[in-house]
Every structure is written in structure tokens, then in C-alpha cells.
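Me: Hey, can you walk me through this protein? I'm new to reading structures, so keep it simple.

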Amino acid sequence: MKAEGTEVAIMKGSDVKTVKDMDRWFSDREGDLGARLSSLGVDPVRMTRLAMLAIQGNPALIRCSPGSIFIALMEAASLKLEPTLGHAYLVPYGNQARLQIGYRGLVDLAQRSGAVGAVHAAMVYEKDSLDYQEGTSGFVAHERFVEVIQKDPLEMSDADLEAAKPGFRRMVYAVAHLLTGGPPAFDIMSIPEVEAIRRRAKSFNARTSPWITDYDAMAQKTVLRRTLWRRVRSSVELQAAMQMDSSMEGGKPQRLYEIDDKFASLREVADAVGHEVTVEDESPVQSKADRLADSLAGVGR
């Protein structure tokens, strides 16, 4: 905390160039920003620490306005999610940070809605066995491929290890058990269907995108979202989160307050930091590490 009577120069968003600068930007505003987070029952110290960790893990976020990062944090707090461990991600879109829901976050929201109990989603690989039937007696039966090699691990050859691999990704499915009774809700998507959705996202090819770092989890979230959207009665929070998430992957991201009036207070937060926010760039965002990796791989030649 600042000592009483001490003059503090408030850093503008345009002055933020490094992680240290970003930390100082939040520190300069710890009173107002902390109060806003606390009003949602969120520990502001923990949430801002998670933001710094996200920025360190994805340097492209430094190019985003600090105000947009804070708005994304407020959205996460409003949904009682944290940008960590696959619950949610801070994703750069031009100079704007956006909140993207993760698989675990969507499961959490679905179970908190009161309509869904156990949830299961999985990737189906080339050598797996999958049987399913739709309708009133619908079911999904997935048997994972497991190669049993009767050798000491130290004696396994490269060929043995290759034979133990399940092959390429083929399909992904999600099953949600309904607390209201009746058969489980489920959906199955082919990889081309998932890819059509992934490639609509503007930053899908950035190496720091969750679609690159956590492909299976993002694919599972995509099919789970379709399952919940089509077959499950949603809470306000779940429905708004799914719409926001869908808009992200459609390339036209929306804020929570643009989707439902329940989150209207977030508009005040956006207005409070709005002078820090500039026009959103439509091009995909890549970090220096992304661009270096692409140049070494010959991408764009």
C-alpha cells in the first residue's frame, strides 16, 4: 500500500512495455481495482498474481491494453472462474485481452447450473473403438487402445514405442448426466468439424493459443458446449459464458455485459478503464517466440 500523502505517478496503458510495467499498472490502481474484485468475493491479490502468471506464460499479452486485461479478469471473477489450470485463458486479440473459457471452466459452470451432474469428454484416436446410438436409448461406448508390451521398459525399442501409440485424432465426444433425470445428453464431433470451428478464431495459429497448447481440452470443450447448448437447460451464467465463448471462436468476441444485462455492472468497469482501450486489431496475435518459431519452420515463405 502507498503511504498517506505520497504522490504517485499513475502509469498510462500506453506506457506498459514489460511484465514489470504491467505489475506496476495494477499496483498503481490497487485500491479501485481491488475493491471491484472484492465486491465479487474474489481475492484481488490472488487474481492479479494469476494475471501476471498468464502474461509471463504468454508474452503477446504485453501488447494488450492493461484495461482490457482487467476487464477479462472481472469477467472471470463474475463467472467465479480463475485464469489457470484449464478453467479459463487470457487470449490476445490485437491489442485487446479476451477471456476464453476452458474445458474445466465449462464443466464447473455446467455443474453449478444445477442441471448437470457428472460430465465426461474424451478424444477418440485412430486405434480406439467407438460405438454409439442416438435416440431415447442413446449411449456412447468408447474403448481406448492400449498396447500391452511384455518387455522391460529399458529393453523397449523405438518400434515398440511407436506401436504403443493410439494413432491420429479421429473424433471427440462429450456426455453430460442430467440431474433432471432421463438418458445422458451427449454429442460427437469429427475432427474436421472441430477444425472448422478452431480455424474461425483469429488467433488459432498463434503458438501460445490454447488451441495449440491444449488442443484436446479445447476440442472437448467445443463438443461439450454443443451438447449443453442443444440438450441442457442452462443457467444465465452458463448460457452467457457459452455465447461469449462461441463468439470468441467465431472471430467476433463479445463481452459478458454485451450478452446479458445480469453483467451490466461490468460495463461500468469497462467505462472506468475505457480511456486505456484502443481500437482492436483484426489480425492474429503472435509473440516474438511464435514469429521466431515460424521463421525457423519456413512458415509464410
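Below we go from the whole protein to some helices and salt bridges.

Reply: Sure. This is a predicted model, where local features need pLDDT of at least 70, side-chain atom pairs count only at pLDDT 80 or more, and totals for chains, interfaces and linings use all residues. Residues are numbered from 1 along each chain as its sequence is written, and side-chain values use heavy atoms, with hydrogens and water left out.

Me: Ok, how many helices and strands does the protein have?

Reply: There are 13 helices and seven strands. Both are DSSP runs numbered from the N terminus (H or I, at least four residues, for helices; E, at least two, for strands).

Me: And what share of the residues is buried?

Reply: Of the 301 residues, 47% are buried. Buried means under 20% relative accessible area, exposed means over 50%, and partly exposed is in between (1.4 Å probe, protein chains only).

Me: What about contacts between residues at least 6 apart in sequence?

Reply: Among those, 65% join residues at least 24 apart. A contact means heavy atoms within 4.5 Å.

Me: Let's zoom in. What does H3 pack against?

Reply: H3 covers residues 44-57, and its buried residues pack against helices H1, H2 and H4 plus strand E1. The buried ones are Met 47, Leu 50, Ala 51, Met 52, Ala 54 and Ile 55.

Me: How far does H3 reach from its first C-alpha to its last?

Reply: It spans 20 Å over 14 residues, close to the 20 Å expected at 1.5 Å a residue. The expected span is 1.5 Å times one less than the number of residues.

Me: Anything at the start of H3?

Reply: Yes, a side-chain oxygen of Asp 43 comes to within 3.0 Å of the backbone nitrogen of Val 45.

Me: Switching topic: how many salt bridges are there?

Reply: The count is 20. A salt bridge here is a side-chain nitrogen of Lys or Arg within 4 Å of a carboxyl oxygen of Asp or Glu.

Me: Give me one that links distant parts of the chain.

Reply: Take Arg 255 and Glu 75, which meet at 3.3 Å, N to O. Arg 255 sits in the loop between H10 and H11, while Glu 75 is in H4, 180 residues apart.

Me: Are those two buried or exposed?

Reply: Both Arg 255 and Glu 75 are buried.

Me: Which residues form a network of salt bridges?

Reply: Glu 134, Asp 187, Glu 193, Arg 226, Arg 230 and Arg 231 are linked that way. Within it, Glu 134 and Arg 231 have their closest N and O atoms 3.9 Å apart. Glu 134 is in the loop between E4 and E5 and Arg 231 is in H9, so the pair ties together parts 97 residues apart in sequence.

Me: Is Glu 134 buried or exposed?

Reply: Glu 134 is exposed, because its relative accessible area is 53%. Arg 231 has 38%, so it counts as partly exposed.

Me: H9 again! What about Thr 222 there?

Reply: Thr 222 lies in H9, residues 215-231. At 1% relative accessibility, it counts as buried. Leaving aside residues up to four places away in sequence, Thr 222 touches Met 189, Ile 197, Trp 211 and Glu 249.

Me: Which residues of H7 are buried?

Reply: In H7 they are Ile 191, Val 194, Glu 195, Ile 197 and Arg 198. They cover an arc of only 160° around the axis, so they are on the same side of H7. That arc is taken from the directions from the helix axis to the C-beta atoms.

Me: And what do they pack against?

Reply: The buried residues of H7 pack against strands E3, E6 and E7 and helices H8, H9 and H10.

Note on methods. A polar contact is a pair of N or O atoms within 3.5 Å; within protein, one must be able to donate a hydrogen and the other to accept it, and residues adjacent in sequence count only if both atoms are side-chain atoms.
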